[in-house]
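Here are some short exercises to work through with the coordinates open in your favourite viewer. Try each task before you read its solution.

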Amino acid sequence: MNAFTNKMIPFLDLKAPYIELKNEIDEAVSRVLNSGQYIGGIEVESFEAEYADYCQAKYAVGVANGLDALQLALLALGVGPGDEVIVPSNTYIATWLAVSHCGAVPVPVDPIIDTNNIDPELIEIAITPRTKAILPVHLCGQPVDLDPILDIAKKNKLCVLEDAAQAHGAKYKSNRIGAHSDAVAWSFYPGKNLGAMGDGGAVTTNNQEIAKKITLLRNYGSNKKYLNEVRGFNSRLDPLQAAILRVKLKYLDRWNGRRKDIANQYLNRIKNSQIVLPIVPDWADPVWHLFVVRHPQRSGFQKYLASKGVDTLIHYPIPPHLQSAYSELKVFKGKFSLAESMANEVLSLPMSPHLVESDVNYVINSFNNFT
């Protein structure tokens, strides 16, 4: 227990945003319920317009979840059976699953150890005649170095789809993530920086044709009732979730600012030499969806923190290439040593815009007192 507050310090309090915005969220939900329109409609269209504007993109297309955002975007980019897509070796498995669900093969590339993000220098080595796209992930809310990736894609005539499920509001070289590449996939899972109260997702892009294709795919392949142009899906952003997201979007920058303040305190005040802190390049403006450190004795360290009342999580304990779901790739253990090493050492600290200052101080003191 936290000796000062006599409570557990949660990794993330999902109820706190609702408590803060209760009146506005309740009004938004009531507005949808009273509208009688429970699929599509003005709430979804308004959120799409507002989110596109926020992301400095021309278009945003709402879908049912982040995995669908990735898959439908890949399909809209023409990825299909026989293709290869370059992906990070260390990421949540949804990035890989989207590629597989298109009938393509994920080709993993190891990260840069300082940032946890995919290493652009290793991407070109992984390109083959079957490569169709590159799928970088802005992991933990830390932007990927996009310019070299975009240069490689242009040189090799490849598509680029960004996985920005953890990067709502992040900036790369002063511009928000949202339209640097062909398309950007988003998740609004409740724990995200911009989280719904259930599943939700979107794709942003500056390409009108890509936006049209995703709009078609998300609705059974149909733009007009009972006329189906392609074999589509049922993957639509719920208007209840869209209305809630519209409320939360107004507060996202303020909440991200608090995350940055907490992250800066962690970076500047954690002095334990055993702990490896994240490194932020000069061109990056992360939003700290996760604050991830590394420790060579993670298990003992995590148990110590739990005994002190500090809740932590591991993102992610098993890399995708070692999951049973990808056993057919026959990737031997040790092939992607950086991803495996990170999976054995990473630990995510409490990170939330609603984390109070006394709890931040307690977390830092607990870290510094571990020997």
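The exercises below deal with a helix, aromatic rings and charged pairs in this predicted model.

**Exercise 1.** Find out how many of the 11 residues of helix α9 are buried, and what they pack against.

*Solution.* Start with the cut-off: a residue is buried under 20% relative accessible area. In α9, residues 239–249, 9 of the 11 residues are buried, so the helix is largely enclosed by the rest of the structure. Among them are Pro 239, Ile 244, Leu 245 and Leu 249. Next, look at the surroundings: the buried residues pack against α1, α2, α3 and α10. Finally, check the start of the helix, where a side-chain oxygen of Asp 238 comes to within 2.7 Å of the backbone nitrogen of Leu 240.

**Exercise 2.** Classify the ring pair Tyr 51 and Tyr 54 as stacked or edge-to-face, then do likewise for Phe 301 and Phe 367.

*Solution.* Two numbers are needed, since a pair of aromatic rings is described by the distance of the centres and the angle of the planes. Planes under 30 degrees apart count as stacked, and over 60 as edge-to-face. For Tyr 51 and Tyr 54, the centres are 6.2 Å apart and the planes are at 15°, so this pair is stacked. Both residues belong to helix α3, 3 residues apart, or about one turn, and both are buried. For Phe 301 and Phe 367, the centres are 4.9 Å apart and the planes are at 80°, so this pair is edge-to-face. Here the link is between distant parts of the chain: Phe 301 is in α11 and Phe 367 in α13, 66 residues apart. Phe 301 has a relative accessible area of 0%, and Phe 367 also has 0%.

**Exercise 3.** Which residue forms a salt bridge with Arg 246, and which network are they linked in?

*Solution.* The partner of Arg 246 is Glu 50, with the closest N and O atoms 2.8 Å apart. This salt bridge joins helix α9 to helix α3, across 196 residues of the chain. Arg 246 is partly exposed at 22% relative accessibility, and Glu 50 is partly exposed at 31%. Widening the view, the network of salt bridges links Glu 27, Arg 31, Glu 43, Glu 50 and Arg 246.

**Exercise 4.** Which ring does Arg 176 lie over, and which side chain does Arg 176 meet in a salt bridge?

*Solution.* Arg 176 lies over the face of Tyr 54, 3.9 Å from the ring centre. The salt bridge of Arg 176 is with Asp 253, at 3.2 Å from N to O. This pair connects strand β7 with helix α10, 77 residues apart. Arg 176 is buried at 15%, whereas Asp 253 is partly exposed at 42%.

Terms used:
Residues are numbered from 1 along each chain as its sequence is written. This is a predicted model: local features need pLDDT of at least 70, side-chain atom pairs count only at pLDDT 80 or more; totals for chains, interfaces and linings use all residues. Side-chain values use heavy atoms; hydrogens and water are left out. Buried means under 20% relative accessible area, exposed over 50%, partly exposed in between (1.4 Å probe, protein chains only). Helices (H or I, at least four residues) and strands (E, at least two) are DSSP runs, numbered from the N terminus. Contact means heavy atoms within 4.5 Å. A polar contact is a pair of N or O atoms within 3.5 Å; within protein, one must be able to donate a hydrogen and the other to accept it, and residues adjacent in sequence count only if both atoms are side-chain atoms. Rings of Phe, Tyr and Trp (its six-membered ring) pair if their centres lie within 6.5 Å; planes under 30 degrees apart count as stacked, over 60 as edge-to-face and the rest as tilted. A charge sits over a ring if NZ of Lys or CZ of Arg is within 6 Å of the ring centre and within 35 degrees of the ring normal. A salt bridge is a side-chain nitrogen of Lys or Arg within 4 Å of a carboxyl oxygen of Asp or Glu.
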